[in-house]
Amino acid sequence: MNTLLPTSTAGSLPKPSWLAEPEKLWSPWKLKNNELLDGKKDALRVSLQEQKNAGIDIVSDGEQTRQHFVTTFIEHLEGVDFKKRETVKIRDRYNASVPTVVGPVSRPQPVFIEDAKFLRSQTDQPIKWALPGPMTMVDTLYDDHYKSRKDLAWEFAKILNQEAKELEAAGVDIIQFDEPAFNVFFDEVNEWGIACLEKAIEGLNCETVVHICYGYGIKANTEWKETLGSEWRQYEEVFPKLQQSNIDIISLECHNSRVPIELLELVRGKKIMVGAIDVASNRIETPEEVAATLRHALNYVDADKLYPCTNCGMAPLSREVAREKLNALQAGAEIIRLELNK
Ligand SMILES: [Zn+2]
């Protein structure tokens with residue numbers, strides 16, 4: 001990237017109300033069959049245009065073609081029975097009825113490659129594509145086959161590597177793995193989580209990101225955040241090993257969070273997508289608030305490695321709020337670019 005402080009989003013953006021019910025996760029589609037296929041493409045075009053209108057530098061599909069950032073990928077795999085459901089605790093936080101792993105997992109065909117090719121055909125800007133991370137995938141399932149979180153994660157890492165290589169061949173510039181579970185299971189992250197992530201990116205030439213956040217702005221997450229005390233030091237547990245890993249970029253929640261920003265010193269040398277937009281509030285940040293978060297981060301991240309971003313996906317927000325937040329992100333980044341170029 002030649003742009004100074006290139007902006008991007010963590011991933012999802014709101015869908016149009018004609019495609020899915022707005023301001024909701026796992027919102028059911030309103031269209032069917034070919035109409036749904038066309039509708040998803042149209043929504044992707046709109047989402048891309050809105051990112052362009054806001055001046056976002058690294059654009060994405062806004063996750064318009066998927067219902068959920070983890071489930072949609074897993075739905076395309078073999079070995080998981082979505083009708084056989086068990087209740088498990090997701091990220092040690094809330095109970096959910098989840099599908100069961102009933103046999104060896106595999107990817108009979110590509111999942112997102114056609115969507116990525118379509119996005120590529122619509123823009124010459126750098127594009128980023130998000131996939132779920134292996135540990136976060138494991139955490140959304142009941143495993144009745146491998147009976148080992150590590151073994152299942154390793155199998156998912158191999159599958160993700162196949163998908164990632166095809167995304168790269170389709171022209172994706174940056175591939176991101178969403179690993180909110182890295183903020184919860186520290187021992188496992190250090191024992192095998194990062195190793196699985198490295199398996200998922202093995203042999204890739206494009207840039208790679210791991211996104212580690214405190215979750216969407218949904219009730220279960222905001223209530224959990226209330227229990228974390230005045231300083232959120234979760235990142236401290238996984239940063240030293242991530243710093244040593246092959247991953248190029250780390251995407252983090254920074255704005256309005258209680259993460260001590262000096263923890264970024266532990267990953268010095270990595271590129272950092274600094275979350276400067278709160279996705280758990282409808283209040284629109286002022287450009288100066290965004291700039292303040294970025295300025296603070298610049299004490300620990302070299303300017304050529306700082307990528308202004310959102311804290312997490314914006315799928316559960318209204319389109320109006322998400323649009324304004326994108327504008328604020330770009331305007332805040334511009335303030336800092338001018339300061340750095342003085
Ligand atoms: Zn996130």
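Here are some short exercises, each with a worked solution, on the predicted model shown above.

**Exercise 1. The open sheet**

Find the order of the six strands in the open sheet, and work out which strands stand at the edges and why one side of each is left without a neighbour.

*Solution.*
Step 1: Follow the sheet across from one strand to the next, and you read β3-β5-β6-β7-β8-β9, with parallel pairing.
Step 2: Look at the two ends of that order. β3 (128–132) and β9 (306–309) each have a single partner strand, so one side of each has no neighbour in the sheet.
Step 3: Now add the twist, which averages 25 degrees from one strand to the next.
Step 4: Zoom in on one pair. β5 (residues 174–178) and β6 (residues 207–212) run parallel and share five bridges; Gln-176 has Val-209 in β6 as its bridge partner.

**Exercise 2. A hairpin and its extra partner**

Decide whether β1 and β2 pair in the parallel or the antiparallel sense, and find what β2 does with β4.

*Solution.*
Step 1: Trace β1 (residues 78–90) and β2 (residues 94–106); their pairing is antiparallel, over nine bridges.
Step 2: Check one bridge: Val-80 is partnered by Val-101 in β2.
Step 3: Visit the turn. Three residues lie between the strands of this hairpin, and Arg-91 takes a positive phi near 45 degrees.
Step 4: Turn to β4 (residues 142–143), which pairs with β2 in the parallel sense over two bridges. Here Thr-100 stands opposite Tyr-142.

**Exercise 3. Two helices that cross**

Describe how α1 and α10 cross, and name the residues that meet.

*Solution.*
Step 1: Take the axes of α1 (residues 33–54) and α10 (residues 319–340): they come within 9 Å and cross at roughly 35 degrees.
Step 2: Give the hand of the crossing, which is right-handed.
Step 3: List the residues. From α1 come Glu-50, Gln-51 and Ala-54, and they meet Arg-323, Leu-326, Asn-327 and Gln-330 of α10.
Step 4: Sort them by type: two are nonpolar, three polar and two charged.

**Exercise 4. The largest nonpolar core**

Find which helix gives the largest share of the largest nonpolar core, and see what Phe-156 touches.

*Solution.*
Step 1: Start with the core itself, which holds 98 residues; Trp-129, Phe-156, Ile-250, Ile-272, Val-274 and Leu-294 touch the most other members.
Step 2: The largest share, eight residues, comes from α5.
Step 3: Place α5 (residues 149–169): this helix lies across β3 and β5, at about 170 degrees to β3.
Step 4: Leaving out residues up to four places away in sequence, Phe-156 touches Val-105, Pro-134, Met-137 and Val-138.

Note on methods. Residues are numbered from 1 along each chain as its sequence is written. This is a predicted model: local features need pLDDT of at least 70, side-chain atom pairs count only at pLDDT 80 or more; totals for chains, interfaces and linings use all residues. Two strands pair if DSSP finds at least two bridges between them. Helices (H or I, at least four residues) and strands (E, at least two) are DSSP runs, numbered from the N terminus. Axes are lines fitted to C-alpha atoms, for helices over the stretch in contact, and angles run from 0 to 180 degrees between N-to-C directions. Two residues are in contact if their C-beta atoms, placed from the backbone, lie within 7 Å. A crossing is left-handed if the near helix is turned anticlockwise from the far one by less than a right angle, and right-handed if clockwise. Ala, Val, Leu, Ile, Met, Phe, Trp, Tyr, Cys and Pro count as nonpolar, Asp, Glu, Lys and Arg as charged, and the others, Gly among them, as polar. A nonpolar core is a set of buried Ala, Val, Leu, Ile, Met, Phe, Trp, Tyr and Cys residues joined through C-beta atoms within 7 Å. A residue is buried if 20 or more other C-beta atoms lie within 10 Å of its own, exposed if 12 or fewer, and partly exposed in between; C-beta atoms are placed from the backbone.
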